[in-house]
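Me: Could you walk me through the helix packing and the pockets in this one? Here it is.

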Amino acid sequence: MLEVNSVRAGYGVINVLWDVSIQVARGEVTAIVGPNGAGKTTLLRTIMGLLPLQRGQVVFDGEPISALSTWSLPERGIVMVPEGRMIFRDMSIEENLMMGAFPKSKRAAAKAQLEEVFDIFPLLKERRRLQAGTLSGGQAQMLALGRGLMSAPQLMLIDEPSLGLAPVIVQEVFEVLGRLKKAGRTIVLVEQSTNMALKIADQVYLMQGGKVTLSRRAEEVSVDALHELYFSR
Ligand SMILES: Nc1ncnc2c1ncn2[C@@H]1O[C@H](COP(=O)(O)OP(=O)(O)OP(=O)(O)O)[C@@H](O)[C@H]1O
Ligand SMILES: [Mg+2]
């Protein structure tokens, strides 16, 4: 469904990604793990067209998307749930969700979509009139995921949803991700909680120093072996 082919990208003169290639199959969870500064977020930003490609190609459903603008990607079926959640704290929970339905073609279905999101996250429904700033970290992550779902995406890029959350809340977040997977969604999941990521993933990529250093089916990867690799370079 998504192919990243030998991509080089970075920030101005500083190159971060060195010929990175990944393949994302429809209906699967593709996990991207790796230490701080490995380039995981940079890869997601590059897929979203937030950073210019120096080399390589990003192909979605057989079509190169690198030339498309970032804002048109939700219309094409791709959304990013960014690191740090990036919710609008002064807006209500419902307003935050409606922001996720900004593509023109998605607006007509927004109300129905909102009900679907509320079914997945009943707490967001209960609190829909409250300011998003009143939510805890875990709830804010649910809101960020819900906002992503509002455009009925075919592909979700989710960056470190467990960041800064207590272990029991991390379990809750992964429980939701598991439900999204069961519902057949295609997800690229960037995570530092490698053991949680391995459990839910179908395919695993390890990134280190801007390169992919391991690419395997999840069932062939042991957490111990992964951690050894993780800290070895
Ligand atoms: N806006 C930026 N301008 C310049 N360099 C940046 C910028 N953002 C990230 N970098 C650099 O790019 C490299 C990769 O960063 P990136 O955020 O992609 O890593 P990451 O794998 O997502 O790490 P983390 O697990 O900490 O989120 C790092 O060396 C970082 O310092
Ligand atoms: Mg990151």
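Reply: Sure. One definition to start: a crossing is right-handed if the near helix is turned clockwise from the far one by less than a right angle. Keep in mind that this is a predicted model.

Me: So which hand does the crossing of α7 and α8 have?
Reply: The pair is α7 (residues 137-149) and α8 (residues 167-182), with axes 10 Å apart. Going by that definition, their crossing is right-handed.

Me: Are α7 and α8 roughly parallel or roughly antiparallel?
Reply: The two helices pack at an angle of about 15 degrees. Angles under 35 degrees count as roughly parallel. α7 and α8 are therefore roughly parallel.

Me: Which residues in α8 does α7 meet?
Reply: On the α7 side, the contact uses Gly138, Gln141, Met142, Leu145 and Leu149. By class, the contact holds eight nonpolar, two polar and one charged residues. The α8 partners are Ile169, Glu172, Val173, Val176, Leu177 and Leu180.

Me: Which element gives the most to the lining of the second largest pocket?
Reply: That pocket holds about 230 Å³ of space, and Met142 and Glu172 are among the residues nearest its centre. α6 (122-126), α7 and α8 each supply at least two lining residues. With five residues, the top contributor is α8.

Me: And the largest pocket: which element supplies the largest share of its lining?
Reply: It has about 410 Å³ of space, and 19 residues line it, with Pro74, Met80, Pro82, Phe102 and Arg147 closest to the centre. Both β6 (78-81) and α7 give two or more residues. The largest share, four residues, comes from β6.

Key: Residues numbered from 1 in each chain as written. Chains lettered and ligands numbered in written order. Predicted model: local features only at pLDDT ≥ 70, side-chain atom pairs only at ≥ 80, totals over all residues. Heavy atoms only, no water. Axes fitted to C-alpha atoms, helices over the stretch in contact; angles between N-to-C directions. Parallel < 35°, antiparallel > 145°, perpendicular 65-115°, else oblique. Contact = heavy atoms within 4.5 Å. Nonpolar A, V, L, I, M, F, W, Y, C, P; charged D, E, K, R; others polar. 1 Å grid on protein atoms, 1.4 Å probe; cavity = no way out; pocket = protein on both sides within 12 Å on 5 of 7 lines; lining within 4 Å. Points joined across faces, edges and corners; volume = space filled by probe spheres on them.
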